[in-house]
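Here are a few short exercises to work through with the model open beside you. Try each task before you read its solution.

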Amino acid sequence: MEAEIEQLVSMGFPTDLAAQALAAAGGNLLKATDWLLNQNNHQPPIAQTPTLPSSNSSPPVVQPKINHFFHFHPKKETHQESEEIEGDEQSHSLVHLRKRQKLAENQENIQKPSPEPPPPPLAERMRPRVLDEVVGQDHLLARDALLRSAIGCGRLPSVILWGPPGTGKTSIAKAIEAVEEARKSKLKTSKSTVLFLDEVHRFNKAQQDSFLPVIEDGSIVFIGATTENPSFHLITPLLSRCRVLTLNPLKPHHITMLVKRAVFYEDRGLAASLKRLVKCKVNDDAIEFLSLHCDGDARVALNALEIAATTASARAKELNTDEDSRVLVVVSVDEVKEALQCKHLAYDRAGEEHYNLISALHKSMRGSDADAAIYWLARMVEGGEEPLYIARRLIRFASEDVGLADPQALPQAVSCYQACHFIGMPECNVILAQCVAYLALAPKSIAVYRAMGSAQKVVKESIGQNEGVPLHLRNAPTKLMKDLGYGKEYIYPPDNPDSSSQTYLPPSLQGYKFLHWP
C-alpha cells in the first residue's frame, strides 16, 4: 500500500487523499487514480510559490492549468483568459489520461509473467555428460581401451579426434574436460589445462604452429576434433605431438539406443521440447526408419526426431478440444519421413568422402563390376557431385585401364563429357551411367599406362644429362642444319617399307622395351 501511496503523492496528490482513494478502490492503483480525478470536492495539488518577507503581501498566485480544481476564483476572467483556461484544462486532462495508460501498462507488465526461453535443440540437450553415455566408440572408451585407460590414470595425452559428423567427437572432449575439472577440484593442485578446439582443420598453418610450444612443454592437453583427414589438413609437427584417434560412424542399433534415450528422459528429452504435452511415444517402425536413414549421424537423427515430435504435437493439439488435459503424442514413421525429407548422405565434394567414392567407382570399373560401379556413381550423384568431374575421371579411366584393348572407350568417354556439358543435371545422370557401364564391361589393358610410367622413370633416373636426339631423327629445315648432319641417313618408311634396321631410341637405350603389347 505504501508504494501505491508514494506513486499518487509523486503525481501531486496529498497523502491523506491518496490513502482515502486507495481505500475506496480496494488497493487498485488504476481505480484509485480514476477516483481522484473524478472527485469534485477534493483539493488537487497547488504549486507553492515562495513568499517574500514584505508587509504588503500580494494575493497568492494560482497556476492557470489547475484553476478548474479550485472552488474560488481570484478575479473575473476576460474572454481570452477563459479560452486559455479551457485549453489548459484539456491539456491537463490529456496528461492525466496518458498517466493512467502508463500505469495500466506497468501494472500489466508486473502481473504478466515473463516468457520462458526456448529450450536448446534436442541434440544438444541429449549430449552425453559422462563418458559412459557415449555409444559406438568402444574401441576408445571400453574398460581397457587406450583413451579410457589414459583418463583413468590421469595421463591424458594430446589427441586429435577424427571422425564423421555426429559420432561423438565434441561429446567425448567435453566429458574429458568435466573429468579433468572434477579431478582438479578434488586434488586442489595445479594441473595442466585441457584445451578443446572443434573443427581444428579450419585453423591455418600459422595458427596451428602457435599450439606447438605449449603442447611440447605440457602446459596444455590439446584435444582437437575434425571431420577431415588430419594427414591433409593438419601440419606434420602438430600430428607428431598428438595421437590421432579415429571415431567410427554409428551403427543403426547405436542410433536406436540414442533415440530411445531421448524418449525416456523427461527433463532433457522430447518432453522438454513439447512443454505441456509431456507424454510422448515413438513407434518402433519410426525409430527403425530413423536409424537407417541418418547415415550414422546422431545429430541428424535427434534433430529429425524433435521436428517429427513437434509436428505430431501440433496435429494432436488440433484434435484435442480440452486445453487443460494432457495429450498423448505418437510419432509415426510418416512424421519422421516428413522431418527427414530425404535420406541424409555423408558427402563432401571437397573432403575425404569425395575421394573415397571416386576411388570406389574407379576400382569397381577396373574389376568389371558394372553393378557396383553404377551404385558408387549414384552415391556421388545423389551427394551433389559435379557431373563434369565424374566425366573427366571416366576419360582418364578409358585411357588408363581400357586403353588399347578397346580403342573406342576413349571416344565414348569424351562424348559422355560433351553430352553432360550440353544438358547438365539431372538429365545427364543416365549418360554417366551408360559410360560407366561401357567402361566396366569393356576389355581392360594397362599396357599404355605402364609404358608411360616406365618411360618417365627412365627419364627421371637417367644419370647426368639426357642424351640428345640422334642426328638422323632431327629435322633439317635450313641448309646449315643439313650441313651439320641433321636428318642425314634418315629412311622414310612409306617409301621404304623394309626399314626395320633404322633405330629410334638413343644409343644407350637401344633394344629397351616400354610397351608390352602383342
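**Exercise 1: An aromatic pair**

At 42% relative accessibility, Y512 counts as partly exposed. Keep in mind as you work that this is a predicted model.

Task: Decide whether F514 is buried or exposed.

Solution:
- Start with the value for F514, a relative accessibility of 19%.
- Buried means under 20% relative accessible area.
- F514 therefore counts as buried.

**Exercise 2: Classifying ring pairs**

Task: Work out which kind of pair the rings of Y375 and W376 form.

Solution:
- A pair of aromatic rings is described by the distance of the centres and the angle of the planes.
- The structure holds five aromatic pairs.
- In the pair of Y375 and W376, the ring centres lie 4.8 Å apart and the planes meet at 65°, so this pair is edge-to-face.
- Now turn to Y512 and F514, whose rings also pair: the distance is 4.6 Å centre to centre and the angle between the planes is 40°, which is a tilted arrangement.
- As for exposure, Y375 has a relative accessible area of 43% and is partly exposed; W376, at 23%, is partly exposed.
- To finish, look at F203, F211 and F222, which form one aromatic cluster.

**Exercise 3: The faces of a helix**

Task: Find which residues of helix α3 (residues 29–38) are buried, and explain why they line one face.

Solution:
- The buried residues in α3 are L29, A32, T33, L36 and L37.
- Looking down the axis of α3, these buried residues fall within an arc of 130°, so they line one face of the helix.
- The spacing fits a general rule: an α-helix has 3.6 residues a turn, so residues three or four places apart point the same way.
- Check the other side of α3, where K31 and N38 are exposed.

**Exercise 4: A strand and its partner**

Task: Identify which side chains of strand β6 (residues 328–331) are buried, and which residue of β6 is the bridge partner of V282.

Solution:
- Side chains alternate along β6: V329 and V331 point to one face and are buried.
- L328 and V330 point to the other face and are not buried.
- β6 pairs with strand β5 (residues 279–282) in the parallel sense, over four bridges.
- V331 in β6 is the bridge partner of V282.

**Exercise 5: A surface patch**

Task: Name the residues that make the nonpolar surface patch of about 310 Å².

Solution:
- The patch is made by L404, V448, L515 and W517.
- L515 sits in the segment after α24 (479–483).
- With a relative accessible area of 35%, L515 is partly exposed.

Key:
Residues numbered from 1 in each chain as written. Predicted model: local features only at pLDDT ≥ 70, side-chain atom pairs only at ≥ 80, totals over all residues. Heavy atoms only, no water. Patch = residues over 30% accessible without salt bridge, like charges linked within 9 Å, V, L, I, M, F, W, Y side chains within 5 Å. Areas by Shrake-Rupley, 256 points an atom, 1.4 Å probe, with all protein chains shown as cover. Salt bridge = Lys/Arg side-chain N within 4 Å of Asp/Glu carboxyl O. Helix = DSSP H or I, 4+ residues; strand = E, 2+ residues; numbered from the N terminus. Buried < 20%, exposed > 50% of the residue type's maximum accessible area, 1.4 Å probe, protein only. Arc of directions from axis to C-beta. Pairing = 2+ DSSP bridges. Phe/Tyr/Trp six-rings, centres within 6.5 Å; stacked < 30°, edge-to-face > 60°.
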